[in-house]
Amino acid sequence: MTTGPSCAATTRPAAATTDPDGAALLGELDELRRALALLRPADREVIALLAAEELSTAEVAQVLGCTTATAATRVHRARRRLRAAYDQLDQGHRHDER
C-alpha cells in the first residue's frame, strides 16, 4: 500500500526530533506544506495527482477531463508556482534568521 505525502508528512518518528538531519527534513516538509497551501486549489490538485497518486501526465489529463497537452501545461505551471511559493517562503525564512 502506498501512502501519500500527507500521511508521511504527519508521521513524526521519535528519533527525528533528536536527529539534526531528521529535524531539518521535518522543517523542509513543513515549508513544503506551507508552500502548497499558498497555491490555488487547481494547482494543488495537479500536484497531488502527480505526487501523491503518482499519475502520469496522460492519466492526469483523464482525471481532469482535458487533453494531454492541456494537462502538461497545467503540470508545468503548477510546478512553477509551487517552486515560486517555496522559494518565497525560503527567502522569508532566511530573512528571519538575520
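At 4% relative accessibility, D43 counts as buried in this predicted model, because a residue is classed as buried under 20% relative accessible area. The residue belongs to helix α4, where D43, V46, I47, L49 and L50 are buried within the span of residues 41-51. These five positions cover an arc of only 160 degrees around the axis, and therefore lie on the same side of α4. Once neighbours within four places in sequence are set aside, D43 is in contact with A78 and R81.

The buried carboxylate of D43 also takes part in ion pairing. D43 forms a salt bridge with R40, with the closest N and O atoms 3.3 Å apart. In contrast to the buried D43, R40 is partly exposed, with a relative accessible area of 47%. The pairing extends further, as R40, D43 and R81 are linked in a network of salt bridges. R81 is thus named both among the contacts of D43 and in this network.

Salt bridges in the protein number 4 by the criterion applied. One of them joins the side chains of D30 and R33, at an N to O distance of 2.6 Å. D30 and R33 are 3 residues apart in helix α3 (residues 20-38), so about one helical turn separates them. Both partners are accessible in part: D30 is partly exposed at a relative accessible area of 25%, and R33 is likewise partly exposed at 33%.

A further salt bridge is found in helix α6, between the side chains of D87 and R83, with an N to O distance of 3.3 Å. The two residues lie 4 residues apart within α6 (residues 68-97), about one turn of the helix. D87 is partly exposed, with a relative accessible area of 30%, and R83 is also partly exposed, at 49% relative accessibility.

With regard to overall architecture, the secondary structure consists of 6 helices and 0 strands, giving the pattern α-α-α-α-α-α along the sequence. The protein has 98 residues, of which 22% count as buried. Among contacts with a separation of 6 or more, 54% are accounted for by residues 24 or more positions apart. The accessible surface comes to about 6900 Å², and carbon and sulfur atoms contribute 54% of this area.

Conventions:
Residues are numbered from 1 along each chain as its sequence is written. This is a predicted model: local features need pLDDT of at least 70, side-chain atom pairs count only at pLDDT 80 or more; totals for chains, interfaces and linings use all residues. Side-chain values use heavy atoms; hydrogens and water are left out. Buried means under 20% relative accessible area, exposed over 50%, partly exposed in between (1.4 Å probe, protein chains only). The arc is that of the directions from the helix axis to the C-beta atoms. Contact means heavy atoms within 4.5 Å. Accessible areas come from the Shrake-Rupley method with a 1.4 Å probe; for residues, only the protein chains shown count as cover.
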